[in-house]
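Reader: I have a fold open on my screen and would like to learn how to read its strand pairing and burial. Could you walk me through it?

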Amino acid sequence: MTSVNDTPVLPIDDTEPPLITQQEHIVFHDPTSADYTVFECQATVRDTGKTFRMHTTQVSGGRTGAVCIVRLDPTGIDEHVGARYLIARHWRISTHAWGWEFPRGMGEEHESAEETARRELKEETGIDVPVERVNVAQRIHADTGVLRDSIAVAEITVTDADIDASRPAINRTGDTDWELRNAHWVDANTLRAMIADGEITDGITLACWAIHECREGAAQHK
């Protein structure tokens with residue numbers, strides 16, 4: 001098996017799943033809080049016959065969410081700077097802490113992944129781009145151990161004109177509304193340094209940046 005750039009990858013030799021799952025049912029559902037659902041099922045180890053209970057969760061009715069890797073390419077006098085990417089501070093109740101993240105959000109009914117990414121970008125920053133400029137690079141799972149939901153990794157290139165046309169929620173100096181505090185456009189080297197220094201700890205943001213870097217590297221070697 002080879003990847004898109006013909007680099008050999010590990011062979012796949014999947015056999016029967018080691019667990020047999022059955023008797024799945026909902027044990028908790030809160031439609032008012034991100035349509036949050038907890039499922040319980042009985043699992044049996046195929047080799048030993050041992051049984052135990054497992055729980056998995058989903059949000060937004062299992063609809064695909066989206067993470068926006070928003071890229072501002074250099075123009076004019078900024079050409080020596082290189083591309084810049086939008087990151088922002090979010091307060092997360094799960095960690096009771098601020099953290100740097102790419103803009104993201106949950107999917108809504110009857111939306112494609114591209115439409116979800118476009119809507120989230122507009123809602124959080126005011127930047128409005130045609131859905132045709134949203135490229136879903138791939139889909140990921142934040143935690144395959146417990147979370148069912150898939151997340152679309154959306155690459156979106158914006159221009160100075162897009163930013164100038166947006167509401168005053170965000171501009172090139174980083175001013176933003178309450179939903180994205182301390183938003184900034186940073187270059188790739190700054191992002192790498194922040195990751196190396198442990199300043200970015202959000203797993204979804206880290207995974208999406210790794211995907212973007214791999215795709216950029218593959219494109220350069222074609």
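Reader: Which residue is the bridge partner of Cys41 in β3?

Author: Two strands pair if DSSP finds at least two bridges between them. Here, Met54 in β3 is the partner of Cys41. Strand β3 covers residues 51-58, and 8 bridges tie β3 to β2 in the antiparallel sense. A word on the origin: this is a predicted model, where local features need pLDDT of at least 70, side-chain atom pairs count only at pLDDT 80 or more, and totals for chains, interfaces and linings use all residues. Residues are numbered from 1 along each chain as its sequence is written, and side-chain values use heavy atoms, with hydrogens and water left out.

Reader: And how are the strands themselves assigned?

Author: Helices (H or I, at least four residues) and strands (E, at least two) are DSSP runs, numbered from the N terminus. This protein has 4 helices and 10 strands, in the order β-β-β-β-β-β-β-α-β-β-α-β-α-α.

Reader: How many bridges join β1 to β2?

Author: There are 9 bridges between β1 (residues 19-30) and β2, and the two strands run antiparallel. One pair to look for is Phe28 opposite Val38 in β2.

Reader: What should I look for in the hairpins?

Author: Check the backbone phi values. The β1 and β2 hairpin has 5 residues between the strands, and Ala34 there takes a positive phi near 60°. In the hairpin of β2 and β3, also with 5 residues between the strands, Gly49 has a positive phi near 80°.

Reader: Why is β2 described as largely enclosed by the rest of the structure?

Author: Buried means under 20% relative accessible area, exposed over 50%, and partly exposed in between (1.4 Å probe, protein chains only). In β2 (residues 36-45), 7 of the 10 residues are buried, so the strand is largely enclosed by the rest of the structure. For the protein as a whole, 37% of the 222 residues count as buried.

Reader: Which strands pair with β4?

Author: Strand β9 (residues 150-158) runs parallel to β4, with 8 bridges, and Cys68 has Ala154 as its partner there. Strand β7 (residues 104-105) is antiparallel to β4 through 2 bridges, where Ala66 is matched with Gly105. Strand β5 (residues 84-92) is also antiparallel to β4, with 2 bridges, and Leu72 partners Arg84.

Reader: Why is β4 called largely enclosed?

Author: Of the 8 residues of β4 (residues 65-72), 7 are buried, so β4 is largely enclosed by the rest of the structure.
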